[in-house]
Number of protein chains: 2
Amino acid sequence: MANLKYSRQRAAIKEYLCHTTEHPTADTVYLHIREAFPNISLGTVYRNLNLLADKGEAIKISTPDGGDRFDGRTDLHYHVICRDCKRVYDLELDEQHIQSINDLAGQHFDGTVDSHTILFYGTCKNCLNKNCLDKNPKMR
Amino acid sequence: MANLKYSRQRAAIKEYLCHTTEHPTADTVYLHIREAFPNISLGTVYRNLNLLADKGEAIKISTPDGGDRFDGRTDLHYHVICRDCKRVYDLELDEQHIQSINDLAGQHFDGTVDSHTILFYGTCKNCLNKNCLDKNPKMR
DNA sequence: ACCTGCAATTATATTTATTACAAATTGTTA
DNA sequence: TAACAATTTGTAATAAATATAATTGCAGGT
């Protein structure tokens, strides 16, 4: 199964994922990659994103609103989604904490727990400022 | 906005959610509620599930594989998804830990963090046993 | 350099998931 | 119980993701 052949398209997709922090959806990746590969198909993008995720070269993030998002950063880290602008930000916690969360969960579950994802909710700096201006127009 | 009118359909959906621990998808809820309301429409199920989630009377769980799932338990708790059978189980951690995770995240994010969801991955007891039998048939 | 096999891509179709809308119905209030 | 508003229904539309058949293109061998 490790029989992956090189492909420019997949390489470009990975390249793009690694150089952006916007956690794009498959469709966003498609629109972007199209510029270099005008006739790449959306199916190819989906397949390669999932391939990369399966091989551990990308992360798939599911959110309750909107389609799945992808992240080229594969080291252990978390995500914060802004309730306001819906942007997804990276967030890192100490390795210790990450592991201790798994351990803690394992102790309370009738089975094994080996990993987890966390999606935090909040408001990003941008939107905090924006909201502040909206509510206090005099401040402008 | 708190202008919600009573409806049998919504009541039945909530009732069902509260009495199952299987974390059903909208479609599963639909198939089940259909028995009592043979001509309920799928749209009604979706709208009410989202209404309930918005009002905090249910929780919407997004997973990377398959559609969103819903949970009638609304107290703070987490979920473990079995990599094998894909079932979703409830998992509770101390209130302290839950809050400390939020606080920790807030300290590392340029903005505010007020809540989070965790999806744990592992293998449930059932599947651990099943796999064991598959690999060591003599044990049967 | 040129076959050749196999994996990847493309283009298209299909499935699945979800939302939108107009008409009919039902719950609530006076 | 009449009227108003929110809800449901049935259907259509959109969005998200996967499947498939035909074609392309990389990699190894001659």
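## Two chains, two DNA strands

Biologist: What kinds of residues form the surface near DNA strand D?

Modeller: There are seven nonpolar, twelve polar and seven charged ones. Nonpolar covers Ala, Val, Leu, Ile, Met, Phe, Trp, Tyr, Cys and Pro, charged covers Asp, Glu, Lys and Arg, and the others, Gly among them, are polar. This is a predicted model, where local features need pLDDT of at least 70 and side-chain atom pairs count only at pLDDT 80 or more, while totals for chains, interfaces and linings use all residues. Residues are numbered from 1 along each chain as its sequence is written, chains are lettered from A, and ligands are numbered from 1, in the order in which they are written.

Biologist: Which residues come closest to strand D?

Modeller: A:G43, A:G67, B:K5, B:S7 and B:Q9, out of 26 that surround DNA strand D. To be near a strand, a residue needs its C-beta atom, placed from the backbone, within 6 Å of it.

Biologist: And which elements supply that surface?

Modeller: α2 (26-33) and α3 of chain A, plus α1 (8-18) and α3 of chain B, each supply at least two residues. Helices (H or I, at least four residues) and strands (E, at least two) are DSSP runs, numbered from the N terminus.

Biologist: What about strand C, which residues come nearest there?

Modeller: A:S7, A:Q9, B:Y6, B:G43 and B:G67, from the 28 residues around DNA strand C. That surface divides into seven nonpolar, 14 polar and seven charged residues.

Biologist: New topic. What rotation superposes chain A on chain B?

Modeller: A rotation of 180°, with 0.0 Å of shift along its axis and an RMSD of 0.0 Å. That's the relation of a two-fold axis. The superposition is by least squares on the C-alpha atoms of residues with pLDDT of at least 70 in both copies. In chain A, the C-alpha of A:I118 is nearest the axis, 2.2 Å from it.

Biologist: How many residues does each chain put into the contact?

Modeller: Chain A gives 32 and chain B gives 32. In contact means that the C-beta atoms of two residues, placed from the backbone, lie within 7 Å. β5(A) gives the most to chain A's side, with 14 residues. That side splits into 15 nonpolar, eleven polar and six charged residues. Also, 100% of chain A's interface residues are interface residues in chain B too, so the copies meet through the same surface.

Biologist: Does β5 of chain A run parallel or antiparallel to β5 of chain B?

Modeller: Antiparallel, with 13 bridges joining β5(A) to β5 (residues 111-124) of chain B. For instance, A:T117 has B:L119 as its bridge partner in β5(B). Two strands pair if DSSP finds at least two bridges between them.

Biologist: What else does β5(A) join to?

Modeller: β3(A), through four bridges, and those two run parallel. A:C82 has A:G122 as its bridge partner in β5(A).

Biologist: Is β3(A) buried or exposed?

Modeller: Mostly covered, as five of its five residues are buried. Buried means 20 or more other C-beta atoms within 10 Å of a residue's own, exposed means 12 or fewer, and partly exposed is in between, with C-beta atoms placed from the backbone. A:Y78, A:V80 and A:C82 point one way, while A:H79 and A:I81 point the other.

Biologist: Where does A:K86 sit?

Modeller: In the loop between β3 (78-82) and β4 (88-91) of chain A. Its phi is near 70°, a positive value in a residue other than glycine. A:K86 counts as exposed because it has 12 C-beta neighbours inside 10 Å.
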